[in-house]
Amino acid sequence: MAPKTKVGVIGAGGIFWAYAEGCRGFDILDLAAVADIDMARAEAKAQEFGIPRACSVDEVLADPEIEIVINLTVPAVHAEVSQAILAAGKHAYSEKPLAVDRAEGQRLLEFAAARGLRIGGAPDTFLGGGHQTCRKLIDDGWIGKPVAGVAFVAGRGPEAWHPNPDFFYKRGGGPLFDMGVYYITALVNLLGPVREVRGVAKASFPERIAGSPEQRGRRIAVEIPTHVTALLEFANGAVITFISSFDVWANHLPAIEIYGSEGSLSVPDPNGFGGPVQLFRPENDGWCELPLTHNPHVQRGIGVADMASALRSGRPHRASGALAYHVLDVMQSIGEAAASGGVVKPASTCDRPAPLPLGVRQGEIGD
Ligand SMILES: NC(=O)c1ccc[n+]([C@@H]2O[C@H](COP(=O)([O-])OP(=O)(O)OC[C@H]3O[C@@H](n4cnc5c(N)ncnc54)[C@H](O)[C@@H]3O)[C@@H](O)[C@H]2O)c1
């Protein structure tokens with residue numbers, strides 16, 4: 001078996017478990033160390049998940065064997081931490097968002113390019129079996145030309161359960177940057193880049209009440225819009241109606257539907273890796289659920305495995321900096337369109353990531 005790629009993690013918080021389990025699912029990855037500014041957290045996660053080493057951020061960055069460092073810190077420091085990873089000569093894979101604004105994101109891409117290093121990041125759910133199946137159905141023409149669609153993610157916010165919920169209500173958080181990012185990334189994978197956006201955004205409630213056992217009753221000031229409605233016009237001509245909200249108790253909205261000239265596609269929730277995938281074609285009697293063409297039994301970390309595999313073969317990695325930057329640009333553009341009441345054209349664009357190959361064995365990525 002080829003040698004594994006040693007990976008370190010900075011940030012031992014709530015989402016660490018998903019990466020610990022997800023990376024373990026890929027033959028190419030060896031999760032060798034976990035670091036945090038709070039050493040006790042790093043030690044606790046190392047013990048809980050059997051990671052060989054808990055260490056300081058400086059130690060993980062100084063380890064010559066570690067090639068890729070995963071940045072699982074809070075959004076406000078994503079850019080600063082990713083830059084430190086790159087400055088240490090390592091490839092950086094960041095949780096979403098890539099950065100809190102275009103200027104930070106652009107600096108990161110330039111910093112990585114100048115050093116010949118890879119940068120990329122979450123979400124990588126578009127690499128799951130559900131979304132890869134949808135991508136294949138669209139590319140193979142099953143709904144004809146995509147002309148329109150909807151994408152919805154609406155809940156009441158994460159403060160009820162998250163032990164450190166403040167970052168969700170600060171710059172870089174909110175329903176768009178925290179959850180909408182999955183939907184926009186999934187749509188770019190399916191349809192290509194976004195050409196222009198319109199938006200309306202508001203904060204319906206000035207403060208939130210934490211509900212986790214550690215913080216119950218603590219008040220959190222809301223600093224960003226918590227209900228964002230947008231119209232996204234894609235370069236391929238499709239128009240998507242999009243809502244991301246932390247202001248909604250319950251709804252019956254679909255996750256994503258794409259409407260094409262020859263049929264409709266019901267796309268699974270892009271906050272997961274599986275199905276269901278449903279197709280409507282006029283010659284059939286109603287919607288039919290289709291078997292998945294790709295593996296849904298993966299976790300967060302498939303994007304890291306893909307980066308590690310791409311480093312060996314020299315091909316582009318799929319959860320790329322260019323994709324994450326375009327999605328960041330689109331999200332910032334929605335905010336600007338909402339503030340101005342006008343239309344904003346994102347300056348960036350990106351290629352659709354290459355689809356994953358068919359027939360790949362569990363634990364492998366395929367090139
Ligand atoms: N919790 C989830 O369900 C979830 C799901 C998907 C993605 N994410 C994303 O993952 C990231 C982390 O979320 P979380 O829920 O794990 O947050 P968290 O607050 O639970 O954990 C963040 C960790 O980063 C550490 N940290 C902060 N600044 C640091 C720095 N400068 N250097 C080193 N360590 C630092 C903190 O001490 C903390 O342990 C966010 O970008 C979030 O959007 C979270």
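## A first look at this predicted model

Helix 6 passes helix 7 in a right-handed crossing. Welcome to the structure: what you see is a predicted model. Besides that helix pair, there is an open sheet of 8 strands, and strand 2 pairs in parallel with strand 1 and with strand 3. The points below take these parts in turn.

**Helix 6 and helix 7**

- Two packed helices are described by the angle between their axes and the distance between the axes.
- Here, helix 6 covers residues 129–139 and helix 7 covers residues 174–191; their axes come within 9 Å and cross at roughly 30°.
- On the helix 6 side, the residues that meet helix 7 are His 131, Cys 134, Arg 135 and Ile 138. Their counterparts in helix 7 are Ala 186, Asn 189 and Leu 190.
- Sorted by class, this contact has 4 nonpolar, 2 polar and 1 charged residues.

**The open sheet**

- If you trace the sheet from one side to the other, its 8 strands come in the order 8-11-12-7-13-14-15-16, with mixed pairing.
- Strand 8 (194–202) and strand 16 (287–290) stand at the edges; each has a single partner strand, so one side of each is left without a neighbour in the sheet.
- From one strand to the next, the twist averages 15°.
- At the strand 8 edge, strand 8 pairs with strand 11 (residues 227–234) in the antiparallel sense over 8 bridges. Within that pair, Val 197 stands opposite Leu 232 in strand 11.
- Helix 7 appears again here: it lies across strand 7 (146–154), strand 8, strand 11, strand 12 (239–245) and strand 13 (256–260). Relative to strand 12, helix 7 runs at about 155°.

**Strands 1, 2 and 3**

- Strand 2 (residues 29–35) is mostly covered, with 6 of its 7 residues buried.
- Strand 1 (residues 5–10) pairs with strand 2 in the parallel sense over 6 bridges, and Thr 5 stands opposite Leu 29 in strand 2.
- Between these two strands the chain passes through helix 1 (residues 16–24), making a right-handed β-α-β crossover.
- Strand 3 (residues 53–55) runs parallel to strand 2 and is joined to it by 3 bridges. Val 34 stands opposite Ala 54 in strand 3.
- The chain gets from strand 2 to strand 3 through helix 2 (residues 39–49), and this β-α-β crossover is right-handed.

**Ser 56, in the loop after strand 3**

- Ser 56 lies in the loop between strand 3 and helix 3 (57–62).
- Is Ser 56 buried, exposed or partly exposed? It has 14 C-beta neighbours inside 10 Å, so it counts as partly exposed; burial would take 20 or more, and exposed residues have 12 or fewer.
- Leaving aside residues up to four places away in sequence, Ser 56 touches Ala 35 and Met 39.
- Gly 14 is 42 residues from Ser 56 in sequence, and their C-alpha atoms are 18 Å apart.

**Two cis peptide bonds**

- Most peptide bonds are trans.
- Ala 122 and Pro 123 are joined by a cis peptide bond, with omega about 0°. Pro 123 sits in the loop between strand 6 (119–121) and helix 6.
- The bond from Gly 275 to Pro 276 is also cis, and its omega is near 5°. Pro 276 belongs to the loop between strand 14 (264–267) and strand 15 (277–280).

Methods
Residues are numbered from 1 along each chain as its sequence is written. This is a predicted model: local features need pLDDT of at least 70, side-chain atom pairs count only at pLDDT 80 or more; totals for chains, interfaces and linings use all residues. Axes are lines fitted to C-alpha atoms, for helices over the stretch in contact, and angles run from 0 to 180 degrees between N-to-C directions. Helices (H or I, at least four residues) and strands (E, at least two) are DSSP runs, numbered from the N terminus. A crossing is left-handed if the near helix is turned anticlockwise from the far one by less than a right angle, and right-handed if clockwise. Two residues are in contact if their C-beta atoms, placed from the backbone, lie within 7 Å. Ala, Val, Leu, Ile, Met, Phe, Trp, Tyr, Cys and Pro count as nonpolar, Asp, Glu, Lys and Arg as charged, and the others, Gly among them, as polar. Two strands pair if DSSP finds at least two bridges between them. A crossover is right-handed if, with the strands pointing away from the viewer, the path from the first strand over the helix to the second runs clockwise.
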